[in-house]
Amino acid sequence: MKRALKILALPIFGLLILIAGFLYFVTFAGLPYPDPTPELQAQWQYHENLSWIILKIGGAVLFIGLLAIPFLIKKTKRDEE
């Protein structure tokens, strides 16, 4: 159990960041206003950009975590022996 947690910690963390970015987008950005004032458009654009940054970071962490799995498996096998 401890070994699996070490191996999957980074991909799970990346997935949680992705979920947080999606929830931020849905909560704060959502659908754009149909006929917004410039102030509302700027506010919506800010929240949309921020949610995309969170999503990109989460995707990068997930990708790096998935790439690191074979190396972590090899390392934890050596540590157990």
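**Exercise 1. Place Gly 65 in the structure and decide whether it is buried or exposed.**

Step 1. Gly 65 belongs to helix H2, which covers residues 38-80. The model is a predicted one.

Step 2. The relative accessible area of Gly 65 is 1%. Buried means under 20%, so Gly 65 is buried.

Step 3. Leaving aside neighbours within four places in sequence, Gly 65 is in contact with Leu 10 and Pro 11. Pro 11 is one of the buried residues of H1.

Step 4. From Gly 65 to Pro 38 there are 27 residues in sequence, and the C-alpha atoms are 40 Å apart in space.

**Exercise 2. Describe the course of helix H1: its span, its bend and what follows it.**

Step 1. H1 has 28 residues, and its first and last C-alpha are 39 Å apart. That is close to the 40 Å expected at 1.5 Å a residue.

Step 2. At Leu 8, H1 bends by about 50°. A proline, Pro 11, follows within four residues.

Step 3. After H1 comes Gly 30, with a positive phi near 55°.

**Exercise 3. Sort residues of H1 into buried ones and those of the nonpolar surface patch, and classify Leu 16.**

Step 1. The buried residues of H1 include Ile 7, Gly 14, Ile 17, Gly 21 and Tyr 24.

Step 2. A nonpolar patch on the surface includes Leu 8, Ile 12, Leu 15, Leu 16, Ile 19 and Phe 22. The whole patch has about 730 Å² of accessible area.

Step 3. Leu 16 sits in H1, residues 2-29. Its relative accessible area is 53%. Exposed means over 50%, so Leu 16 is exposed.

Step 4. An α-helix has 3.6 residues a turn, so residues three or four places apart point the same way.

Notes
Residues are numbered from 1 along each chain as its sequence is written. This is a predicted model: local features need pLDDT of at least 70, side-chain atom pairs count only at pLDDT 80 or more; totals for chains, interfaces and linings use all residues. Side-chain values use heavy atoms; hydrogens and water are left out. Patches are made of residues with over 30% relative accessible area and no salt bridge: like charges are joined within 9 Å, nonpolar side chains (Val, Leu, Ile, Met, Phe, Trp, Tyr) within 5 Å. Accessible areas come from the Shrake-Rupley method with a 1.4 Å probe; for residues, only the protein chains shown count as cover. A salt bridge is a side-chain nitrogen of Lys or Arg within 4 Å of a carboxyl oxygen of Asp or Glu. Helices (H or I, at least four residues) and strands (E, at least two) are DSSP runs, numbered from the N terminus. Buried means under 20% relative accessible area, exposed over 50%, partly exposed in between (1.4 Å probe, protein chains only). Contact means heavy atoms within 4.5 Å. The expected span of a helix is 1.5 Å times one less than its number of residues. The bend at a residue is the angle between axes fitted to the seven residues ending there and the seven starting there.
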